[in-house]
Amino acid sequence: MTLDQYVCDLREITARHSDPVEITDLVVPLARKFAQSPELLRPEYRECDAEQGFGVHMLHEEPNHDLAVFLVSWLPDRGTTPHNHKTWAVVVGIEGQEQEVNYDRRDDGGKPGYADLKRSGEQVMTAGDIACCYPEHIHSVRNVGKDISISLHTYGRHINYTGRSEFDVERKLEKPYVVRVADDAHARAQILTKRRIS
Ligand SMILES: [Fe+2]
C-alpha cells in the first residue's frame, strides 16, 4: 500500500465516521498494511533527535493539519513524558521494543495546570503490534530495547495542533506538549547533495 492510497482511505473513513472508536477500528487493518510499505525504509526516517530522544518524521498532514501520519524513531532508553493526544491515534510497531505505560486521571481537569495521575498498566509493543489511543487517553512511551525502535503513528489531527498536554506525575502538573518534527526535506536535500559531490 502506498502513502497516497493510505491517505485516500483515511479521508474516506473520516468523511463517513466521527466516532474515534469506529474510526480506529477501520484504520487499524490499513495501518498494519501501510506499515509494511517499502516507502517507509528511507534511511532518514531512522534518524533520531538526540535532544528530544526520538525523531518525528512527517509523511502526511492535510492543509488544515488533520490526518497526520508520522514515522517515529526512538533512541534506546529514551521516550516521552506522560501525555494525552486530544485526537484519535493508531500506532503500529515496525522495529524494536516500545514500552507503553498507561495512566488514569483522578481529578476532573477543572483546575488549570493541575493533574492527578495514577499508573494503571503497561505493555511492550514489538513489530506488528497495534495500539489505539483516544482523545483523553494518557500514556508514556519508551524504547526499552538495545537498538533504535520505529513505529508508524496515524492521528486524526497533527499532535502539535490539538492543544494536548504533557504531565509531571510526581509534581501533579499539566502543561502544553509540542514535539519537534524533523526537517526531512532538508535531510533529503543533503543526501542528494552528498551523492552529487561523491
Ligand atoms: Fe502518545
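A polar contact here is a pair of N or O atoms within 3.5 Å, where one must be able to donate a hydrogen and the other to accept it. Keep that in mind for the first view. The model shown in these close-ups is a predicted one.

**View 1. Asp107 and the backbone nitrogens around it.** Asp107 sits in the loop between β4 (98–105) and β5 (117–125). A polar atom of the Asp107 side chain lies 3.1 Å from the backbone nitrogen of Gly109. The backbone nitrogen of Asp116 is also in the picture, 2.9 Å from a polar atom of that side chain. Setting aside residues up to four places away in sequence, Asp107 touches Tyr114, Ala115 and Asp116. Is this loop residue buried or exposed? Asp107 counts as buried, because its relative accessible area is 18% and the cut-off for buried is under 20%.

**View 2. Helix α2 and its kink.** Here we follow helix α2 along residues 20–34. How far apart should its ends be? At 1.5 Å a residue, the 15 residues of α2 should span 21 Å, and the end C-alpha atoms are 20 Å apart, so the two values agree. The helix does have a kink, though: about 35°, at Val27, shortly before the proline Pro29.

**View 3. The buried side of α2 and what covers it.** Look for Ile23, Thr24, Val27, Val28, Leu30, Ala31 and Phe34, the buried residues of α2. An α-helix has 3.6 residues a turn, so residues three or four places apart point the same way. That is handy when you trace the list along the helix. Which elements help to cover these buried residues? They include helix α1 (3–16) and the strands β1 (54–60), β2 (66–74), β3 (89–95), β6 (130–133) and β8 (149–157).

**View 4. Ala31, a buried spot on α2.** Ala31 is part of helix α2. With a relative accessible area of 0%, Ala31 is buried. If you skip residues up to four places away in sequence, Ala31 touches Tyr6, Val90, Val92 and Leu152. Ile130 is worth finding too: 99 residues separate Ala31 and Ile130 along the chain, yet their C-alpha atoms are 8.8 Å apart.

**View 5. The largest nonpolar core, with Phe34 in the frame.** In soluble globular proteins, nonpolar side chains tend to be buried together. The largest nonpolar core of this model has 24 residues, and the members touching the most others are Tyr6, Val27, Phe34, Leu59, Val69 and Leu152. Elements giving two or more residues to this core are α1, α2, β2, β3 and β8. Which element gives the most? It is α2, with 6 residues. Apart from this core lies another one, of 13 residues, with Ala89, Cys133, Tyr155 and Val179 among them. Back on α2, Phe34 is in contact with Met1, Thr2, Leu3, Tyr6, Leu40, Leu59, Val69 and Leu152, leaving aside neighbours within four places in sequence.

**View 6. The iron ion and its three histidines.** Which protein atoms act as donors to the iron ion? They are the NE2 atoms of His83, His85 and His139, lying 2.1 Å from the ion. Along the sequence, these donor residues follow the spacing H-x1-H-x53-H. His83 counts as buried at 5% relative accessibility, and His85 counts as buried at 2%.

**View 7. Two positive phi angles in the loop between β2 and β3.** Most residues other than glycine have a negative phi. Asp77 is found in the loop between β2 and β3, and its phi is positive, near 65°. Asp77 counts as exposed, at 53% relative accessibility. Lys86 lies in the loop between β2 and β3 as well. Although Lys86 is not a glycine, it has a positive phi of about 60°. How accessible is Lys86? Its relative accessible area is 35%, so Lys86 is partly exposed.

**View 8. Gly55 in strand β1.** Gly55 has its place in strand β1 and counts as buried, at 4% relative accessibility. Which residues are in contact with Gly55, leaving aside neighbours within four places in sequence? They are Glu47, Cys48, Asp49, Leu71, Val72 and Ser73. Ala182 is 127 residues away from Gly55 along the chain, and the C-alpha atoms of the two are separated by 6.3 Å.

Note on methods: Residues are numbered from 1 along each chain as its sequence is written. This is a predicted model: local features need pLDDT of at least 70, side-chain atom pairs count only at pLDDT 80 or more; totals for chains, interfaces and linings use all residues. Side-chain values use heavy atoms; hydrogens and water are left out. Helices (H or I, at least four residues) and strands (E, at least two) are DSSP runs, numbered from the N terminus. The expected span of a helix is 1.5 Å times one less than its number of residues. The bend at a residue is the angle between axes fitted to the seven residues ending there and the seven starting there. Buried means under 20% relative accessible area, exposed over 50%, partly exposed in between (1.4 Å probe, protein chains only). Contact means heavy atoms within 4.5 Å. Donors are N, O and S atoms within 2.8 Å of the metal (3.2 Å for Na, K and Ca); water is not among the atoms, so sites may look incomplete. A nonpolar core is a set of buried Ala, Val, Leu, Ile, Met, Phe, Trp, Tyr and Cys residues joined through side-chain atoms within 4.5 Å.
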